[in-house]
Amino acid sequence: MSAPGPAAVLAPTNGPAPAPLLCVRDLNAYYGQSHVLHGVSFDVMPGEVVSLIGRNGAGKSTTLKSVMGVIRSQGSVTLGGENITRLSSNAVARRGVAWVPEDRAILGNLSVRENLELPPLRPGGWDLERAYAAFPVLRDRAHHPGTKLSGGEQQMLAMLRVLRGAPRLLLLDEPSEGLAPVIVQAIGEMLASLKAQGMAILLVEQNLSFAARLADRHYVMVNGQLVDEVPRAEVRARRHELLHHLSV
Ligand SMILES: Nc1ncnc2c1ncn2[C@@H]1O[C@H](COP(=O)(O)OP(=O)(O)OP(=O)(O)O)[C@@H](O)[C@H]1O
């Protein structure tokens with residue numbers, strides 16, 4: 001092996017590289033006989049927003065469910081250095097992972113306020129006032145049942161509800177899906193402010209524009225495999241290629 005070049009010799013030694021917050025290695029997931037995740041490996045660094053993008057059925061939601069412990073997968077998942085692979089979803093949640101599923105899981109027979117107050121308020125978590133300040137429309141709807149909310153209001157409520165637990169990692173499954181542009185923008189701004197406060201987010205999306213505004217890195221998922229990793233700085237130049245991975 002040749003001697004290191006000048007850049008390597010002169011490189012500053014700033015100590016060890018930061019450790020990932022979430023480290024997923026060689027995940028394989030099955031639904032019955034159907035093998036849907038094929039050796040998925042990726043990291044999310046502290047304070048980083050990472051997107052998983054890909055078509056319907058690529059395996060994005062299954063990846064989030066595997067991290068959350070909602071389905072059992074082979075492989076390893078570590079959070080802050082702790083192996084959480086075999087933990088129940090409740091135990092994963094207690095360690096600071098919050099999951100907002102694609103269907104948002106709002107309890108339709110409970111009011112907005114009751115939905116919001118369902119999870120225990122943890123130190124540093126968002127109380128009612130902070131939640132209503134983020135999305136004032138929910139204050140106006142405080143006593144409306146979940147069934148009467150628009151898709152956008154449900155998405156806002158679902159995100160605010162998990163923030164009560166002061167998570168250190170948010171798993172968001174297609175937060176922009178089916179929503180009007182003005183609502184998508186409001187949700188994007190809310191996520192941008194969470195990011196600015198240092199929240200780590202793993203975002204599943206099919207909406208490239210939405211993901212591109214927020215994410216530091218994108219992983220492209222095709223047929224249960226991650227086929228590419230695209231840093232934020234390359235998204236503009238590779239936009240057509242990325243859109244191709246999302247088109248039907
Ligand atoms: N509960 C289930 N039982 C059987 N197969 C499933 C189940 N859930 C998902 N699948 C299948 O697993 C594959 C991956 O689905 P997954 O929901 O993870 O994809 P996705 O990328 O999130 O897309 P979508 O946006 O459609 O949810 C698909 O072929 C899907 O049909």
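In this predicted model, the protein is divided into two domains: domain 1 takes in residues 19-96 + 169-175 + 202-248, and domain 2 spans 99-167. Their C-alpha centres lie 24 Å apart. Contact between the domains involves twelve residues of domain 1 and eight residues of domain 2. On the domain 1 side of this contact, α2 and β7 (169-173) each supply at least two residues, with β7 giving the most, five residues. By class, that side of domain 1 divides into eight nonpolar, two polar and two charged residues.

The overall fold can be described next. The secondary structure of the protein comes to ten helices and ten strands. The radius of gyration is 19 Å, close to the 18 Å given by the globule rule for 248 residues, so the protein is as compact as a globular protein of that length. Along the principal axes, the C-alpha atoms fill a box of roughly 70 × 45 × 40 Å. Of the 248 residues, 37% are buried. Among contacts between residues at least 6 apart in sequence, 70% join residues at least 24 apart.

Strand β7 deserves a closer look, as it appears both at the domain contact and in strand pairing. This strand is mostly covered, with five of its five residues buried. Leu169, Leu171 and Asp173 point one way from β7, whereas Leu170 and Leu172 point the other way. This arrangement can be read against a general pattern: in a regular strand the side chains alternate between the two faces of the sheet. β7 has a parallel partner in strand β6 (residues 97-100), to which four bridges join it; here Trp99 has Leu171 of β7 as its bridge partner. β7 also pairs in the parallel sense with strand β8 (residues 200-205), over five bridges, and in this pairing Asp173 stands opposite Val204 of β8.

Helix α2 (60-68) links the description of the domain contact with that of the ligand. Nine of its nine residues are buried, namely Lys60, Ser61, Thr62, Thr63, Leu64, Lys65, Ser66, Val67 and Met68. Just after the helix, Gly69 takes a positive phi of about 80 degrees.

Turning to the ligand, the residues that surround it are Tyr31, Ser34, Val36, Gly54, Asn56, Gly57, Ala58, Gly59, Lys60, Ser61 and Thr62. At least two residues of this shell come from each of β2 (34-44) and α2, and α2 provides the largest share, three residues. Lys60, Ser61 and Thr62 thus belong to the ligand shell and are also among the buried residues of α2. By class, the shell holds seven polar residues, three nonpolar and one charged.

A hairpin rounds off the picture. Strand β9 (residues 217-222) and strand β10 (residues 225-231) pair in the antiparallel sense over six bridges. Val222 has Gln225 of β10 as its bridge partner. Two residues lie between the strands of this hairpin, and Asn223 in the turn has a positive phi of about 45 degrees.

Methods. Residues are numbered from 1 along each chain as its sequence is written. A residue is near a molecule or strand if its C-beta atom, placed from the backbone, lies within 6 Å of it. Ala, Val, Leu, Ile, Met, Phe, Trp, Tyr, Cys and Pro count as nonpolar, Asp, Glu, Lys and Arg as charged, and the others, Gly among them, as polar. The radius of gyration is taken over C-alpha atoms; the globule rule is 2.2 Å times the number of residues to the power 0.38. A residue is buried if 20 or more other C-beta atoms lie within 10 Å of its own, exposed if 12 or fewer, and partly exposed in between; C-beta atoms are placed from the backbone. Two residues are in contact if their C-beta atoms, placed from the backbone, lie within 7 Å. Two strands pair if DSSP finds at least two bridges between them. Domain bounds come from an automatic or database domain assignment.
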